[in-house]
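Biologist: I am new to this structure and would like to learn how to read it feature by feature. Could you take me through it slowly?

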Amino acid sequence: LLGFEYLYNGVDQYDEDGICFSFEERAADIRDAAESFGLDRWGEYVESGRITVFDKEMLIDSEDYNASLEPLLTELAREDRYDRLLFDSLNMFTMFMAEDRTKRQDLLKLTEVLSENGLTTLLTKEQGDVFAHSDVDVENFLAGGSLYLFQRSTEQSVRRYLWVEKMRKHDIDNDIFPMEIEHGGFTVHEHASQFSMMNDPVSPF
């Protein structure tokens with residue numbers, strides 16, 4: 001949903017066209033999810049070409065890494081108007097890589113292609129626990145920034161949080177902030193002293 005909002009706001013607020021490249025969802029399901037989330041003009045933006053969607057029905061039949069990227073590369077070669085890209089997800093995409101040892105090289109190639117085309121890209125990945133791993137994943141090393149969204153259950157509710165681990169060339173606040181998913185978008189509470197997980201009387205761990 002955050003990725004859908006990222007593309008939608010690019011068109012709606014900043015006049016920036018975007019690409020939704022999804023190995024996870026069908027185009028119709030993406031539209032249903034976006035509009036139920038309050039992004040009411042998603043269908044309009046897709047139909048007018050402001051947001052271009054490549055869905056799993058177009059991508060999962062690809063036999064290898066290069067073939068899976070072909071629709072994106074073809075579109076970028078044909079059009080130079082795009083500013084934003086949602087790439088969902090790295091978990092599915094890396095399944096096309098023949099061997100683990102080529103993962104770093106293939107991901108480096110991907111990031112170079114996106115950078116050469118001037119795209120600000122949101123790459124999504126699911127993982128079991130934000131703080132469980134000690135090694136730096138290849139994609140975290142190559143990416144310009146890393147954001148984590150996670151949730152913890154309490155007796156009363158489920159609490160959601162956002163943590164910015166890094167953002168190259170930018171000063172960041174390393175606190176962990178609570179967030180809410182509301183109709184129309186995500187809300188991240190800015191006041192760390194009042195809302196942050198670090199000061200939450202109920203520990204999420």
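Biologist: Let me begin with Ile-51: which residues is it in contact with, once its neighbours within four places in sequence are left aside?

Modeller: This is a predicted model, and in it Ile-51 is in contact with Leu-7, Tyr-8, Val-11, Gly-18, Trp-42, Tyr-45 and Val-46 when those neighbours are set aside. As a general idea, nonpolar side chains in soluble globular proteins tend to be buried together. Here the largest nonpolar core has 19 residues, and Ile-51 is among those that touch the most other members, together with Phe-4, Leu-7, Cys-20 and Trp-42.

Biologist: Which elements give two or more residues to this core?

Modeller: They are H1, H2, H3, strand E2 (51-54) and strand E6 (158-167), and the largest share, 5 residues, comes from H1. There is also a second, separate core of 18 residues, which includes Ile-19, Leu-69, Phe-93 and Leu-110.

Biologist: How should I read a single residue, for example Ile-30: is it buried or exposed?

Modeller: Ile-30, which is found in helix H2 (residues 27-36), has a relative accessible area of 1% and is therefore buried, the cut-off being under 20%. Leaving aside its neighbours within four places in sequence, Ile-30 is in contact with Phe-4, Cys-20, Ser-22, Glu-25, Trp-42 and Val-53. The C-alpha atoms of Ile-30 and Asp-55 are separated by 8.6 Å, although these residues are 25 apart along the chain.

Biologist: What should I look for in a helix such as H7, and which of its residues are buried?

Modeller: An α-helix has 3.6 residues a turn, so residues three or four places apart point the same way. Helix H7 (residues 103-116) has 14 residues and reaches 20 Å from its first C-alpha to its last, close to the 20 Å expected at 1.5 Å a residue. Its buried residues are Asp-106, Leu-107, Leu-110, Val-113 and Leu-114; because these cover an arc of only 120 degrees around the axis, they lie on the same side of H7. On the other side of H7, Gln-105, Ser-115 and Glu-116 are exposed, and just after the helix Gly-118 takes a positive phi of about 70 degrees.

Biologist: How many aromatic pairs are there, and how is one of them described?

Modeller: Ring pairs are judged by the distance between centres and the angle between planes, and the count comes to 9 aromatic pairs. The rings of Tyr-8 and Tyr-45 have centres 5.4 Å apart and planes at 55 degrees, so this pair is tilted. It links distant parts of the chain, with Tyr-8 in helix H1 (residues 2-14) and Tyr-45 in helix H3 (residues 42-47), 37 residues apart, and both tyrosines are buried. Phe-21 and Phe-23 form an edge-to-face pair, at 5.5 Å centre to centre and 85 degrees between the planes, and both of these are buried as well. Ring pairs also link Phe-21, Phe-23, Phe-54 and Phe-87 into a cluster.

Biologist: Where does the confidence stay under 50?

Modeller: Where pLDDT is low, the predicted coordinates should not be read in detail. In this model, pLDDT stays under 50 over residues 192-199, for which there are 18 contacts beyond four places in sequence, and also over residues 201-205, for which there are 8 such contacts. The mean pLDDT of the protein chain is 81, and 81% of its residues reach 70 or more. Among the elements, helix H9 (residues 192-195) has the lowest mean, 46, whereas H3 has the highest, 97.

Note on methods. Residues numbered from 1 in each chain as written. Predicted model: local features only at pLDDT ≥ 70, side-chain atom pairs only at ≥ 80, totals over all residues. Heavy atoms only, no water. Helix = DSSP H or I, 4+ residues; strand = E, 2+ residues; numbered from the N terminus. Expected span 1.5 Å × (residues − 1). Buried < 20%, exposed > 50% of the residue type's maximum accessible area, 1.4 Å probe, protein only. Arc of directions from axis to C-beta. Phe/Tyr/Trp six-rings, centres within 6.5 Å; stacked < 30°, edge-to-face > 60°. pLDDT = per-residue confidence, 0-100. Contact = heavy atoms within 4.5 Å. Core = buried A, V, L, I, M, F, W, Y, C linked by side-chain atoms within 4.5 Å.
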